[in-house]
Amino acid sequence: MTGGTGAGPVDDPVGRALLCAMQETGASIGGVYVLASEAPVLELTVMSGVPAPFLAPWDRVALAAPIPVAVATREQRLVWAGGQQQMARDFPRTAVAVPYDFSLAAAPVSGPGGGRGALLLLWPAGHPPELSAADHEAVEAACVRLAALLEERPRPDGCGQTEAPRVLTPPPVRAVRPEEALAAADYLERLPGGCCALDLEGRITLVTQGAMELLGETDSRLVGARPWEVLPWLRDPAFEDRYRAAVISRRPTSFTASRPPHHWLTFRLFPDGRGLSVWISPSGKNYGPVAPAPAQGEVVPVRAGQIYHVLHLAAALTEAVGTQDVVDLVADQIVPAFGAQGMIMYVAEGGRLRTIGHRGYSAEAIAAFEGVALGAANSPAVHALTTGEPCFFTSPEEMERDYPGVPRLTGKAARAVLPLIVSGRPVGCCILSYTRPRSFSLEERQVLTSLAGLIAQALDRARLYDTKQQLAHDLQAGLLPHGLPTVPGFAVAARYLPSTRGMDIGGDFYDLIRLNEDSVAAVIGDVQGHNAAAAALMGQVRTAVRAYATAGAAPGEVLARTNRLLTDLDPGLFTSCLYVHIDLRTRHAYLAGAGHPPPLLRHPDRHTTVLHVPPGLLLGIEPGARYSIAEITLPPRSVLALYTDGLIETPGADPDRSVDDLAARLNDAPPLSPDRLADTLLENRHGDADRQDDVALMLLAALPVGPGAPA
């Protein structure tokens, strides 16, 4: 997409407000985003300081995207990144696509009617790491002015093909008299080497005789052209990248290139808000032979802008984990980025196409192509997948000619049909569609084709992840109890939460074993690790504990025998365990522990204590380890809480303090059933923080003594 200079700031109040904000804050680059009315999308409407293609990856930004303007609008706060290092830490996706040094502020533009958009400002490299109080006030004032102006304008609907953003050129530093212009030209011609001037778009606006001689071209071919377009030996994207770096960072930069056959030249670039001054001189070094430049008509490297656009989208795809993540990312971020109104994603399974996600299509249209065979003729998705070539249809007439009935059925006028192929193996197909006819430039086709390969790899990884996760869940479900037995005089609840990291499977376990009519055993444990090996060992430990318990062994002996079994198996993993034997007649409990966090007892008056269990070695370390017993009473309306360390562990926190914090939460919880109390304890665990460990929890509530209850 290309932008024009528009009518200039005089005719555009929003543009004047933007240029005023840039002048007051010293920002070198600025842009105004407007929130669409019909879609959660921010659209760039006016900008200054860089050409429109530089911000092409962000001219339409999904409101959910982890990008500064989206975060500022979504959270209604100023977002600041004081340099490339902070940008890489806080917004890695943006940093990958713009790998230059600059500072950035994004501020929400809000009025009485709610959020209207965002103001984006960039400062040159070397800006202080923090935004000054004066600049902060100037940004806030600019947002107030913009909000008032945007309230008077209709919002874009966000669903159609929008115009390119207006690009405003800052005014010149001062007016130049004709005689000064002639003197400046003479001055440049007298300099050694050669000079040329580029506008922000990269087009040559002036070139000296010395520069023409060094470049080997005439002014008629150079003026109005971009150097890398007219000079084949400058077509390497690295040279264009230096120009982009100078424009964005506003820092002088240089590079050396070889004009065939062996003329090495040094280019020094000096940027400002209106363009670049370039000084060209022969290089003092000879770097040896270089590869010949592409001949006229040959395929040339893609542009740096295209590379960074694809990198930006690739960074987004790396965040996808499962299949649904890939579908949501394509629908919520890639579809808006290309201005599409519809999307369908298929996977190839069993010789057919299966829909895994769609947006903007009727149920009838989706059903018409669901399960279509890969040998079907009337399907653009099948054709693209079988040939491996993307298809671009710019109008309904073009689609009707090749696939009769499809435009009427889908209601779409244009589409890009992208095959998803990994190592020659068909994975699926992605279709981006538009409600109005539109063309696809060569650059768009190249970017979409590259993007299809990235989506294919992300989808292939995601499906493999989903398969592993399903296997892990099936294994976990098979190893944990499907239900708990009824225990006279007690209400029992148990919970298991997998880790949010790794394979989403771990070694935490619990069990409730009815030993006979008068006794029951409660067990909780934690096998080291979060993988299939940990889960498998957990199953062995749980089975061993159940076998020794039902054989009548005392609590300490149950752990001792299980420990000897594990040391004989030598699995290379250690296990913590807490075993509780409860006499249902007397409500006495006998506890033995093997390196496990201490249980908690909430007394009938609701005050909670941390129970002391004689320490014992972890299972699987020393075959001769012995385990002592502690005895307690469970009075009516008391609650015994058994848990694994995943419920209390916080990186860097003292374990004893964490246990005390859990006891305080149990102490403060209102009188609830064990099920509701368990949910309360889990909900209060670090809010929405990621679980780096899985969690097991079991609560045993002693019921009041009454008719039919144990004495």
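What follows is a short tutorial dialogue on reading this predicted model.

Biologist: Before we start, what kind of model is this, and how are residues numbered?

Modeller: It's a predicted model: local features need pLDDT of at least 70, side-chain atom pairs count only at pLDDT 80 or more, and totals for chains, interfaces and linings use all residues. Residues are numbered from 1 along each chain as its sequence is written, and side-chain values use heavy atoms, with hydrogens and water left out.

Biologist: How many helices and strands are there?

Modeller: Helices (H or I, at least four residues) and strands (E, at least two) are DSSP runs, numbered from the N terminus. Here you get 21 helices and 27 strands.

Biologist: And how much of the protein is buried?

Modeller: Buried means under 20% relative accessible area, exposed over 50%, and partly exposed in between (1.4 Å probe, protein chains only). Of the 711 residues, 51% are buried.

Biologist: How do I read a sheet?

Modeller: Strands of a sheet pair through backbone hydrogen bonds, either parallel or antiparallel. Two strands count as paired if DSSP finds at least two bridges between them. Take the open sheet of 5 strands in the order E18-E27-E26-E23-E24, where the pairing is antiparallel. Strand E18 (490-497) and strand E24 (608-610) each have a single partner strand, so one side of each is left without a neighbour in the sheet.

Biologist: By how many degrees are neighbouring strands turned in that sheet?

Modeller: On average 15 degrees against each other, direction ignored. Axes are lines fitted to C-alpha atoms, for helices over the stretch in contact, and angles run from 0 to 180 degrees between N-to-C directions. Inside the sheet, E23 (residues 600-602) and E26 (residues 639-643) share 3 antiparallel bridges, and Leu 600 has Ala 641 of E26 as its bridge partner.

Biologist: Which strands make up the antiparallel sheet that includes E12?

Modeller: That open sheet has 5 strands in the order E9-E8-E12-E11-E10. Strands E9 (204-207) and E10 (253-259) sit at the edges, pairing on one side only. Its neighbouring strands are turned by 25 degrees on average, direction ignored. E11 (residues 263-272) and E12 (residues 275-282) pair over 8 bridges, and Leu 265 is partnered with Pro 282 in E12.

Biologist: Which helix lies across E8, E10, E11 and E12?

Modeller: Helix H10 (residues 237-249), which runs at about 160 degrees to E10. Contact here means heavy atoms within 4.5 Å.

Biologist: What about cavities?

Modeller: On a 1 Å grid over the protein atoms alone, a cavity is a set of points where a 1.4 Å probe fits but cannot get out; lining residues have an atom within 4 Å of a point. There are 7 cavities of 30 Å³ or more, and the largest holds about 190 Å³. Its lining has 16 residues, with Leu 55, Trp 58, Thr 94, Leu 104 and Leu 120 nearest its centre. Strand E1 (29-35), helix H2 (68-75) and strand E6 (114-123) each give two or more residues to that lining.

Biologist: Is E6 mostly covered or mostly open?

Modeller: Mostly covered: 8 of the 10 residues in E6 are buried. Antiparallel to E6 run E1, over 6 bridges, and E5 (residues 103-111), over 9 bridges.

Biologist: One residue to finish: is Phe 440 buried or exposed?

Modeller: Buried, at 6% relative accessibility. Phe 440 is in the loop between E17 (425-434) and H17 (442-479). The residues it touches, leaving out those up to four places away in sequence, include Phe 392, Arg 415 and Leu 448.

Terms used: 1 Å grid on protein atoms, 1.4 Å probe; cavity = no way out; pocket = protein on both sides within 12 Å on 5 of 7 lines; lining within 4 Å. Points joined across faces, edges and corners; volume = space filled by probe spheres on them.
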